[in-house]
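Look at the sequence and the structure below. The report that follows walks through one sheet and the helices beside it.

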Amino acid sequence: MLEFKNHIIHGAIFDMDGTMFDTERLRFQTLQQASRELIGVEFSQDYLMQCLGLSARSAEQLAKERYGQDVPYADIRQRADVLELEYVRQHGVPIKAGLLQVLERLRKAGLKMAVATSSRRAIAEEYLINANIYKFFDVLVCGDEVKKGKPHPEIFINAAQKINLSAQQCLMFEDSENGLRSAFDAGGITVLFKDIKTPNDSMLAQAQHYYECIEDFLTELNQFVPILSMPELDTAFPQTHNLLTVGIHGFGAIGGGYLAQVLSHWDGYTRPKKIIASTRNPLYRSAVNAFGTYSIRYGQNSFDQRIDNMQVIDAHDLEQMQNMYVESSLIAVCVPEEALLSEAEVIAQGLYARHLADEQPNPLTVLIVLNKVGAKQLFSEYVLRSLTTICDPQTAQNILDQHYICDTVVNRMVSKLSDQKLYRQLRIKYNIFKQYQLDEEDSALVGLDDSTALNHEQEQQAGLYIEDLRRNFQPSHILQSMDLVLFNAETDMPLYVENKSPLLAKMRQMILVDDIASIQLIKNRLWNGVHAMTAWYASLRGHATIGVALSDAAVSKFMQQLLAQIKLGLSLQVPQHASELTRLAQSFTDSCANAYQDPCVRVGRDPLRKLAYHERVFGSLSTLLQHDVAFDMVLKGAVLGYVYAVEQAECEQVEALLHLQMQLKHITPDVALYELLYDEMSRLISQLLNGKISLQYLMRQDFSQVLN
């Protein structure tokens, strides 16, 4: 049951040609070709317009009036059927934009559904099956199954009866004058879509609801169908594909291991017809394209989630990247901050190509997934700068302004398999595959280690594996059950998105927020900052992954103390979100506890950037200082970051101390406090690096006595 405006709806009955499918124009062409072939005269546009919505019997009678009683109408119609089927079988049924979304929403709202078409059953079934929408309908009533065709109401009355409803309980969708009259006289709730013929006053009087196109109806329908709640981890993706293409600019951990899932859930009713993702990693690109699918592994749930319907393109190929920006309705930009400047050139090329391809402005929704406060502003500055190298400044600004650019906050930890681990997986699956074929594997196995890069022999061998798998891939083959796991992920589901684009209104796995800056701040401090400092400490204590590190009581205690201090600071800085901080902190703790595939070296990378004064560590320290509350654990975390940076050869000790000096000057105008902080922190950094004190000594240090 659906409450639509002032109606209680239990069923939906659709006309086919011109309403669901853009076949009326095709039908005109085939009838004109068939009449030209058989009688040497082309049916006129005026005659064909009058035939809209008529049954074959009524159309034949009209043809005899126009072209003589001897006109072989049945032969012309049969020839037109053949021509039309040839076109449909070769090119597919031209589906009206928005149809799939409407059908899925009506069905999931619990409505019974039927088709009432003037076409013969053989034609109707072929079209519905070809378009993959037959599954939505409980019954079909066709033109060759009624005594009186449209505009008589018989066909709609029969359709309502067959789904055990009265006509008054059903929405009836039509595009033609004769079809609308049929639905109106049947007593249905009439919905008129404009097709070839502009509705006249009589049609508008009989239409209870009129829309220029199906997408306009979809916009209104969206106000009445239920918004589906956040999915569970193992909730199936929608079976039906809509007509949208979406892109992921950056098939890395977040792009492939999280955004692909978000986009596959879409609004819960349909999913995009295609997801395009870009990568510079040829092994990942060829592997996904060969298998046609890949999986995300959720270790704590022992669950592998399969992502399909994805095409991975070469990020080095500018033409492919431009095509992604031209074709897509939404693109998630998932690149590291340090790569954004160079990627901005590619993004600008893509937006400019879209600008040239669009006769009418077609706004693109761009999700900025950058893991940084103020990511949208940085993105816009870089892209605008790159656009001005392609076109004049005013055009560049206009191009940028026409799109919906939305900041985001990711609430999940994801790690990507190294090339070596992917190679080992390919080798194992390849051997299973060859054993399945009863072939012997005689070649010697290449020695493996855990480094990321493949040697030349491994690259060649991986290519052979993928090529052989690709050549032999068949539906229902053993390869169908051989999931290729590319990412390890934790289970947090929401993607927080700035509420700036109408396309996002009902995205199932997104939480739309008006004040994204506060959410970014919480994520930056409570998750990213604690994550980085924990990784630095864990790595310095010799742990490889976050999950393993938390079995170390010292690391676990340090993380909990960090969370407590930063949570207190945030409750003072963004009090409107204070009630959510405990839940978010616990979610972070749970994620870390199961992050056995999350390398400390990945989490702790680029420490000097993370130690910038406005970033995740010193940002928290500044807040705690301003509110005069305890800050000792955050200060220790910063010390660990500088030690880690030097030990990982990110910088020299002198450079680290100079960096520290500059950051402290930004966070406190109090000269005395600055000097105290710098003297104490620089002393500890130097002593740790020179082996004069231990990590245990650092953790026992009581800064309150020194700084007071």
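## The sheet

Four strands make up an open sheet in this predicted model. Their order is β12-β11-β18-β17, and the pairing is mixed. β12 (303-308) and β17 (414-416) are the edge strands. Each has a single partner strand, so one side of each has no neighbour in the sheet. On average, neighbouring strands are turned by 30 degrees against each other, direction ignored.

What holds such strands side by side? Strands of a sheet pair through backbone hydrogen bonds, and they can be parallel or antiparallel.

## One edge: β11 and β12

β11 and β12 run antiparallel, joined by six bridges. Y298 has F303 in β12 as its bridge partner. The two strands form a hairpin, with four residues between them. In the turn sits S302, which has a positive phi of about 50 degrees.

## The other edge: β17 and β18

β17 pairs with β18 (residues 485-489) in the antiparallel sense. Three bridges link β17 and β18. Find V414: opposite V414 stands A489 in β18.

## Helices on the sheet

Which strands does helix α11 touch? Helix α11 (residues 253-265) packs on the sheet and touches β11 (293-298), β12, β17 and β18. The direction of α11 makes about 120 degrees with that of β17.

Helix α12 (residues 282-291) packs on the sheet too. The strands it touches are β11, β17 and β18. Between the directions of α12 and β11 the angle is about 110 degrees.

How values were computed
Residues numbered from 1 in each chain as written. Predicted model: local features only at pLDDT ≥ 70, side-chain atom pairs only at ≥ 80, totals over all residues. Heavy atoms only, no water. Pairing = 2+ DSSP bridges. Axes fitted to C-alpha atoms, helices over the stretch in contact; angles between N-to-C directions. Contact = heavy atoms within 4.5 Å.
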